[in-house]
Amino acid sequence: MLKLGRDFVLLIDDGLSYARVEAQRSTSLSISSESVDSTVKGESWRDILQGAGINSAQVTLSGVASNSPMYMLLLSKKIAREHIDCQIDDTAGAFLLGTFKIVSIAASGTHNGEETYDIVLQSTGLFGYPTAGNAWQWDSGAFVQWDSGALVELAA
C-alpha cells in the first residue's frame, strides 16, 4: 500500500505521552543487521552464522527549526547526553519503538531563508515493531506486551 511521506513522522516521549516533533519535512529510517561470516578455508560457499551479529536502527529527520517544545527537548537531551524513547508513526499507527541516542543535531540557515535542522538518532538497545494487538517483537526475537505501561515478557 502506498503511503504519503508526510504521515511518516517521529514522536518522542516527553514524560507524559508520545508527542510529534514539529515542523518535520523529511524523516527516514534505516534498520541494519551485521552478519558473522563463519566460512572456513577451502569452502566454496559462504556460511553466515545464524542468529549472530548486531541489529541497529538509525532515524534521520530534518525540518524547520523553531522554539517548539519538542525541538527544545531534543536539544536539551542532546546537551545532557541523555537517551530518548521514541517511536516512528505512520497512518497505520506505531511502526517502530525504542530507545535512541541523539547522535547529532545540526542547524543551518541562509540569509533570505528559514533556519533548518537535521537530527540523527541511533538505537541504543532493543527496538521493535508491532505484530498484533498491543504486542511488539523486538530485535532479539522476543515478544513483549504493554500492560498498563509496564513491559511483560511473553512466552515464545
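Here is a friendly exchange about this predicted model.

Biologist: Before we start, what rules apply to this model?

Modeller: Residues are numbered from 1 along each chain as its sequence is written, and side-chain values use heavy atoms, with hydrogens and water left out. As the model is predicted, local features need pLDDT of at least 70, totals for chains, interfaces and linings use all residues, and side-chain atom pairs count only at pLDDT 80 or more.

Biologist: Thanks! What is the mean pLDDT of the chain?

Modeller: pLDDT is the predictor's confidence in each residue, from 0 to 100. In this chain 78% of the residues reach 70 or more, and the mean is 78.

Biologist: Which element has the lowest mean pLDDT?

Modeller: Helices (H or I, at least four residues) and strands (E, at least two) are DSSP runs, numbered from the N terminus. Helix H1 has the highest mean, 90. Over residues 145–156 the pLDDT is below 50. The lowest mean, 46, belongs to strand E10 (residues 150–153).

Biologist: Is strand E1 largely enclosed or open?

Modeller: Buried means under 20% relative accessible area, exposed over 50%, and partly exposed in between (1.4 Å probe, protein chains only). Four of the five residues of E1 (residues 9–13) are buried, so the rest of the structure leaves this strand largely enclosed.

Biologist: Which residue in E5 stands opposite Leu 11?

Modeller: Two strands pair if DSSP finds at least two bridges between them. E1 has three bridges to E2 (residues 18–20), running antiparallel, and there Leu 11 stands opposite Arg 20. E1 is also joined by four bridges to E5 (residues 84–90), again antiparallel. In E5, the residue opposite Leu 11 is Gln 87.

Biologist: Which element gives the most to the largest nonpolar core?

Modeller: A nonpolar core is a set of buried Ala, Val, Leu, Ile, Met, Phe, Trp, Tyr and Cys residues joined through side-chain atoms within 4.5 Å. The largest has 21 residues, and those with the most contacts inside it include Leu 10, Phe 100 and Leu 121. Elements giving two or more residues include E1, H1 (69–79) and E6 (93–109). With four residues, the top contributor is E7.

Biologist: Why does Ser 123 count as buried?

Modeller: Ser 123 lies in strand E7 (residues 115–130). Contact means heavy atoms within 4.5 Å, and, leaving aside neighbours within four places in sequence, Ser 123 is in contact with Ser 56, Ala 57, Thr 99 and Phe 100. Ser 123 counts as buried because its relative accessibility is 14%.
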